[in-house]
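Biologist: I have not looked at this model before. Could you take me through its pockets, a sheet and some ring pairs?

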Amino acid sequence: MLTKISPSRGSGSPVVVGFYEPVSGSCQYLVIDPDTRASALIDVVQEFDVTAARSGTESADHALALVKDHEADLKLILDTHPHADHLTAGRLLAERTGCPHWIGEKCTDIAKIWTEIYHLPPQTLDPATLYDRLLADGEEFTLGRLPVKVMLSPGHTLGSITYVIGDAAFVHDTFMQPDAGTSRADFPGGSAAELWDSLQAILALPDETRIFVGHDYGTKTREEPAWESTVAQQKAENIHIGGGRSRAEYIALREKRDATLSLPKQMLHALQVNLRGGRLPEPEADGHRYFKIPANRF
């Protein structure tokens with residue numbers, strides 16, 4: 001599995017180990033406080049074969065191997081939002097390690113939307129009981145000696161959050177690499193206007209802040225996946241927001257592009273798992289688990 005290390009820059013700066021899941025183009029992270037070795041895993045994937053409806057643990061296994069290899073003291077399992085393009089390995093990792101699994105508090109509002117879409121009984125998708133903690137906008141905590149701040153970053157979803165850990169920001173599906181632009185905003189509860197505002201809030205961080213994105217698919221001129229940039233690079237080089245593009249121009253560009261995009265292949269399977277914290281649907285009377293897929297809704 002492609003893995004790269006972004007070293008600490010000194011006091012208050014984490015070591016960031018990024019690793020890549022190619023099927024969904026997902027960028028996953030192990031974040032380590034170099035002073036105490038306290039660490040967190042962010043947005044780790046649970047592999048999923050849509051054709052066979054079979055889940056896998058390759059990324060989770062790799063993540064735990066990285067924790068061991070780097071002599072890290074794992075404290076937290078974090079997700080930035082209920083992902084639409086892959087299943088989260090958050091609950092699997094929490095069960096294997098005993099570490100708590102956290103996500104943003106507005107995940108509950110996303111759950112209400114998808115409870116209706118899936119036509120599920122109330123409380124079937126209940127992040128308040130299925131995650132160990134729901135984080136509020138502006139909330140602060142520590143990872144070892146590293147300060148961590150939560151930023152609500154809606155647009156891609158209405159409940160996405162960014163983790164700012166020392167000089168590193170884990171910005172999920174907001175920015176992509178500068179040569180790829182920004183993420184889509186057309187899922188239920190998404191908004192190109194809110195995404196613009198979230199992008200600007202991230203750009204208000206110090207220029208030297210390292211930006212770690214949630215996805216990369218390469219470009220026409222770059223084959224190898226990449227996931228690290230800086231605020232300064234995003235300001236200067238991002239193909240969607242650079243060149244003095246206005247808010248209205250960005251919204252028009254984003255909405256025009258989103259109208260051409262197909263749904264992610266795993267989306268209708270993923271949301272009913274991720275809003276359960278990464279749990280597959282409960283077994284039925286025969287002991288097997290079944291997904292519920294809405295027809296003709298999208």
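The questions below go through these topics in turn.

Modeller: This is a predicted model, in which local features need pLDDT of at least 70 and side-chain atom pairs count only at pLDDT 80 or more, while totals for chains, interfaces and linings use all residues. Residues are numbered from 1 along each chain as its sequence is written, and side-chain values use heavy atoms, with hydrogens and water left out.

Biologist: How much space lies in the largest pocket?

Modeller: A pocket is an open set of points on a 1 Å grid where a 1.4 Å probe fits, with protein on both sides within 12 Å along at least five of seven lines; lining residues have an atom within 4 Å of a point. The volume is the space filled by probe spheres set on the points. For the largest pocket that is about 680 Å³.

Biologist: Which residues of its lining are the closest to the centre of the largest pocket?

Modeller: The lining of the largest pocket divides into 11 nonpolar, 11 polar and 9 charged residues (Ala, Val, Leu, Ile, Met, Phe, Trp, Tyr, Cys and Pro count as nonpolar, Asp, Glu, Lys and Arg as charged, the others as polar). Of these 31 residues, the closest to the centre are Met176, Arg184, Tyr217, Arg257 and Leu261.

Biologist: Which strands stand at the edges of the open sheet?

Modeller: Strands are DSSP runs of E with at least two residues, and two of them pair if DSSP finds at least two bridges between them. The sheet has 6 strands in the order β11-β12-β13-β14-β15-β16, with mixed pairing. One side of each edge strand is left without a neighbour because each has a single partner; these strands are β11 (140-143) and β16 (228-230).

Biologist: Is the pair of Phe48 and Phe291 stacked or edge-to-face?

Modeller: Rings of Phe, Tyr and Trp (its six-membered ring) pair if their centres lie within 6.5 Å; planes under 30 degrees apart count as stacked, over 60 as edge-to-face and the rest as tilted. The centres of Phe48 and Phe291 are 5.5 Å apart and the planes are at 70 degrees, so the pair is edge-to-face.

Biologist: Is Phe48 buried or exposed?

Modeller: Buried means under 20% relative accessible area, exposed over 50%, and partly exposed in between (1.4 Å probe, protein chains only). Its partner Phe291 is partly exposed at 24%. Phe48 has 8% relative accessibility, so Phe48 counts as buried.

Conventions. Helices (H or I, at least four residues) and strands (E, at least two) are DSSP runs, numbered from the N terminus.
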